[in-house]
Amino acid sequence: MAASHGVSRMTHFRPTRCFLVLSMLAVVSTLPASAEWKEQVLYSFQGGADGQLPVGSIVFDSAGNLYGATTQGGATNCSPLADCGTVFQLTPPPKQGDPWTETVLYTFKGAKHSDGDEPAGGLLIDSQGNLYGTTAYGGTGDCVLLGVKGGCGTVFELSPPQQKGDAWTETILYSFPTAKQGYLPNGDLVFDGAGNLYGVTEYGGGKGTTCDGFYQYCGAVFELSPPKTKGGKWTEKVLHAFKGVASGAQFGDGANPNGGLVLDSKGAIYGTTYFGGNNVKGECEGGVGGTGCGIVFKLIPPSRTGGKWTEKVLHQFDGQDGSNSAAGVVFDGIGNLYGTTSFGPGPYGLAFELKKPSGNAHSWTEKVLHAFSDGSDGANPMAGLVLDARGTLYGTTAVATNRNAQGTIFQLKPPTQKGKPWVFAVDYTFQGPPDGAYPAAGLVVGKSGALFSSTQLGGTGQGCGTGNCGTVFEASP
């Protein structure tokens with residue numbers, strides 16, 4: 001990561017937070033035996049013009065091509081922040097076992113060219129094959145970091161060419177103009193049925209003063225509505241600005257939302273924040289980067305046009321039941337939510353269920369499905385969970401140091417009898433170069449049941465230090 005902007009990179013990506021606690025004593029855990037899956041590195045990023053540090057979820061088109069973004073790499077002159085980032089395509093081979101083919105579809109140019117800089121989440125694809133995503137910096141906004149006017153971030157669209165082989169077309173749908181409208185958009189976007197886009201900014205929004213010494217405000221959830229006439233401007237609206245925890249207070253609003261929002265059938269929005277909520281003394285009080293253990297929230301749409309959205313805190317983490325969720329949540333078929341926290345209890349994180357109220361109950365009930373020990377099960381999940389058709393949850397841990405490994409893929413099977421625990425198993429353990437290392441993006445379930453995603457480090461690329469440019473992988477039973 002760029003030394004000249006070390007503060008912004010650490011705050012933005014948060015991966016380095018995991019490595020601060022790995023020397024602490026592991027919690028003993030008994031795990032069921034599991035045959036490891038087969039994993040294949042589909043592509044190793046090479047750094048430089050090719051890109052490095054893949055970020056966020058990948059997506060597939062109808063032809064089986066895979067798309068994603070890298071936070072760094074691309075051009076070397078991306079003034080003023082010098083990282084740029086890329087959007088890439090991976091084309092499957094005509095014959096199984098042959099390598100996938102990578103094409104850089106777009107290289108960001110940065111604020112100097114009124115373009116985005118540093119993609120900060122995965123991609124979203126529509127039925128026409130257009131790709132949508134965010135950049136943390138760049139655009140035309142007036143946000144200043146460490147004396148550098150690097151922009152407040154953007155939402156972009158990348159449209160395929162009409163003729164095969166021609167260049168894709170990038171359009172900036174929205175440049176956040178000031179921190180009040182949102183600063184540093186982060187995580188994956190989501191569409192509603194009307195074509196509106198929803199996402200979050202890690203900072204900005206106009207509320208809260210305790211979240212960071214370098215960025216303004218505590219983050220926001222935004223809606224981006226398409227123009228009514230072709231060629232018009234998209235319209236942004238801040239649906240909720242987080243306030244964080246006031247100085248000296250024990251409880252407060254969430255802070256620093258993570259993206260990866262989900263919507264229910266009534267249009268309500270669900271997500272998590274990394275900080276805020278419960279400022280438990282000795283657990284989440286202060287610390288590097290922020291205050292509070294984080295929350296799971298719901299935003300309820302207004303009953304009338306033009307009304308305000310209403311925030312409801314579904315759960316405040318307290319350290320013992322999880323702390324600092326770095327990703328969003330996922331629904332099951334009956335409306336329960338599932339997710340991960342990067343820390344708590346202790347330093348290694350967990351997977352949780354948040355059960356929807358039923359009958360006369362009004363509160364959501366949290367249950368820890370698995371607490372990681374940094375043994376063979378890994379530690380510090382930075383991505384959310386994905387649910388397959390049988391109700392099995394899959395996820396990743398970023399590290400697994402007590403196994404001299406660099407991350408895991410795990411599964412949690414629902415109990416066959418009521419009251420029994422979920423069954424945890426490790427499907428694959430990453431070994432580092434030439435294998436991947438540090439998985440931090442959500443998994444995607446392919447048509448065959450295989451899992452696809454990226455690792456931020458590892459691979460065979462030589463342009464980022466030996467084997468540290470990142471990979472895209474496939475894992476299957």
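In this predicted model, Y67 has Q89 as its bridge partner, with Q89 sitting in strand β4. That pair belongs to a set of five bridges that join strand β3 (residues 66–72) to strand β4 (residues 86–91), and the two strands run antiparallel. Zooming out a little, β3 and β4 are part of an open sheet of four strands, in the order β2-β3-β4-β5, with antiparallel pairing. The edges of this sheet are β2 (52–60) and β5 (101–107), each of which pairs on one side only. Going from one strand to the next, the twist averages 25°.

Further along the chain, strand β19 (residues 269–278) makes a good second stop. Here, 10 of its 10 residues are buried, so the strand counts as mostly covered, with buried meaning under 20% relative accessible area. Strand β17 (residues 251–257) runs antiparallel to β19 and is joined to it by four bridges; A255, for instance, has F275 in β19 as its bridge partner. Strand β20 (residues 295–300) is also antiparallel to β19, this time with five bridges, and T272 stands opposite V296 in β20.

Then there is strand β18 (residues 262–263), which pairs with β19 over two bridges, again in the antiparallel sense. L263 finds its bridge partner in I269 of β19. Together, β18 and β19 make a hairpin, with five residues between the two strands. In the turn, G267 has a positive phi of about 90°.

One general point helps when looking at strands like these. In a regular strand, side chains alternate between the two faces of the sheet.

Note on methods: Residues numbered from 1 in each chain as written. Predicted model: local features only at pLDDT ≥ 70, side-chain atom pairs only at ≥ 80, totals over all residues. Heavy atoms only, no water. Buried < 20%, exposed > 50% of the residue type's maximum accessible area, 1.4 Å probe, protein only. Pairing = 2+ DSSP bridges. Axes fitted to C-alpha atoms, helices over the stretch in contact; angles between N-to-C directions.
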